[in-house]
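Biologist: Please take a close look at one part of this structure and explain it step by step. I would like to start from a single residue and then follow its surroundings outward.

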Amino acid sequence: MLAAALLLAPSAWFACRWREMPHLGSYHDDAVYWISAQSLAEGHGYRLPHLPENPAQTKYPPLYPALLATVWRMAGTLPRSHSAMALQWAFVPLYLGLVRLWFRRCRFGALPAYGLTLLVALGPLTTVFAVSPMSELPCSVLLLAAMLLLESERELTVQRGLLAGVVAAAAFLVRTNAIVLAVSVPFLLLRQRSYRAAAAFLAPLLAAIAGWQIWSRAHAFPAKDDILAYYTAYIGFYVKTFSWPDLPQRAWINTSAAIEALARLVLFNSGDELWLRPLAWLITVTAIAGVVGLYRGSLRHFACFALLFTVVLVLWQYPPDTRFVYPLLPLFVAGLATKIRDVGTLGVRTWKTSSGANRGASVFVLLLIFGLAGGSVYTLARGTFVMLPEYFADRQTQFDQMMPAYRWIAANTPPRARFASYDDTLLYLHSKRQGYTVPILPSLVYGQDPDAVRSYVARLPALWREKEVTHVLVTAYDFRRDLHQPALGALLALTQDHSQLRRIYADPIAQVYEFSASSSSDR
């Protein structure tokens, strides 16, 4: 029980300390989940009510928001953030329990398996996902459960294949990228001539995929602009923003980003120091070598899933960060630990049986291993116990500083006003005003050209007129997630055009402008 408490203590403390969720909206997607669940809980259907068009939510599968909505309805008079926090944190013991079972399945002893599980529990991303309404943790729970059902020394029975398929279907209905299981698992089962087990696995998963696609198509909103395409369809927005000439650059940047993100899961660092890139490549290549060893040792389903999952990330429209590769964390840690164990065993044997240069080399390798292990524990602990409290305190400060503007908007603007706002979801949650975010296109993220960013922001009034925007909210926190300095500077420059924007509210953090639907050139 003491060992379990040690695993759960960090995330439990954060869940209790930040149960009011001042960090809601940090990832933007978390606020979208929240709004969609709120719409369900209040009986308005699975929709995006923060958009003036109020379209159906056809981008994110419904299982996780439906679970959030159910908990809200059952919570009675309790604050909804408290009940949602309790639900989110409840996935932590499930996840860590499955992680330990996975390490045992990878043939680690009881104590090493616990140590590796502690490493996962100490990870700052584990704590962040334990206290934020995001789908990463519930999807990881379901993914691990499916892997443990599939990765067995015994032959996969039809019954176990069916159960694994049901779990995989739930994972897909929580997070779309679990659809990779529909390819990776049947591929391996068919190679093993387990035809009935493959059919049993595919039946519930394909039913879930088909059901979600049919519902999405039946409720699809005709998204003609980038904003609505972004909010309502993965594929639609991907097609609108895809470019064949840019694909090689995108694939290379995404590959590099995925390799670094995986390494940052075990050697936590939020900076961009030059020394980190070669070290990240070394760590990830070492982990991949270990995963290859696990694959050869018959643990193949997770490895095959990870390969196809990574291919999707490489082709995706934004560079993957640690959040996107988080579902691969247990496999990555198992592969890294497996390879380090093999190299360490060889190093100890060489030190015992050799002399001279070979013995010196073995000492050097062993020191590297101890340095990596110590650095991993230190950076993860520092991230959780030093950096995360600072991060959440910063989000609390932002929440407190933004509330006066939200309250003023709620009291002094028409209920039917349409806003342009970077954090459009938070604007809706705190003032019930609908509006649109400032869309950041993939070409701007990959290009990293400040002039292109400024030129794009300068053209936003044309989009606002098309969307019949009446007000614009500008804050010091805009674009914190991407392109912060050039985009915010361009937006502030745009507010100097008094022919289109008339300031009606200002405080040290936020300004509200009334937007003229026709520019001076139109008059």
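Modeller: The model is predicted. The residue to start from is His50, which counts as buried because its relative accessibility is 0%, and the cut-off for buried is under 20%. His50 sits in the loop between H2 and H3. Setting aside neighbours within four places in sequence, His50 is in contact with Ile35, Tyr231, Asp424, Thr425, Tyr428, Gln434 and Gly435.

One of those partners, Ile35, leads to helix H2, since Ile35 is among the buried residues of H2. Helix H2 covers residues 29-41, and its 13 residues should span 18 Å at 1.5 Å a residue. The C-alpha atoms at its ends are 18 Å apart, so the expected and the modelled spans agree. Twelve of the 13 residues of H2 are buried, which means that the helix is largely enclosed by the rest of the structure. The buried residues are Asp29, Asp30, Ala31, Val32, Tyr33, Trp34, Ile35, Ser36, Ala37, Gln38, Ser39 and Ala41. What covers them includes helices H3 (63-74), H4 (80-105), H8 (158-174), H11 (226-232), H16 (322-325) and H19 (424-431).

After H2 comes Gly43, with a positive phi near 80°. The loop between H2 and H3 also holds Asn54. The phi of Asn54 is near 50°, a positive value in a residue other than glycine. Asn54 counts as partly exposed because its relative accessibility is 29%, whereas His50, at 0%, counts as buried.

A positive phi in a residue other than glycine also turns up at Lys432, where the angle is near 65°. Lys432 lies in the loop between H19 and strand E2 (434-436). With a relative accessible area of 40%, Lys432 is partly exposed. The partners of His50 include Asp424, Thr425 and Tyr428, as well as Gln434 and Gly435.

Helix H4, which is part of the cover over H2, has a packing arrangement of its own. Two packed helices are described by the angle between their axes and the distance between the axes. The axes of H4 and helix H17 (residues 329-353) come within 10 Å and cross at roughly 35°. The crossing of H4 past H17 is right-handed. On the H4 side, Tyr95, Val99, Trp102 and Phe103 take part, and they meet Leu329, Pro330, Leu331, Val333 and Ala334 in H17. The residues of this contact divide into nine nonpolar, no polar and no charged.

The cysteines are a separate matter. A disulfide is a covalent bond between the sulfur atoms of two cysteines. This structure holds zero disulfides. Take Cys304 as an example: the closest cysteine sulfur to its own is in Cys106, 16 Å away, so the two are too far apart for a bond. Cys304 is buried, with a relative accessible area of 11%. Cys16 counts as partly exposed because its relative accessibility is 48%.

Further along the chain, Ala458 belongs to helix H21 (residues 450-458). Ala458 counts as partly exposed because its relative accessibility is 46%. The C-alpha atoms of Ala458 and His484 are separated by 15 Å, and these two residues are 26 residues apart along the chain.

To return to the starting point, His50 is buried at 0% relative accessibility, and one of its contacts is Ile35, a buried residue of H2.

How values were computed:
Residues numbered from 1 in each chain as written. Predicted model: local features only at pLDDT ≥ 70, side-chain atom pairs only at ≥ 80, totals over all residues. Heavy atoms only, no water. Helix = DSSP H or I, 4+ residues; strand = E, 2+ residues; numbered from the N terminus. Expected span 1.5 Å × (residues − 1). Buried < 20%, exposed > 50% of the residue type's maximum accessible area, 1.4 Å probe, protein only. Contact = heavy atoms within 4.5 Å. Disulfide = S-S within 2.5 Å. Axes fitted to C-alpha atoms, helices over the stretch in contact; angles between N-to-C directions. Left-handed = near helix turned anticlockwise from the far one by under 90°. Nonpolar A, V, L, I, M, F, W, Y, C, P; charged D, E, K, R; others polar.
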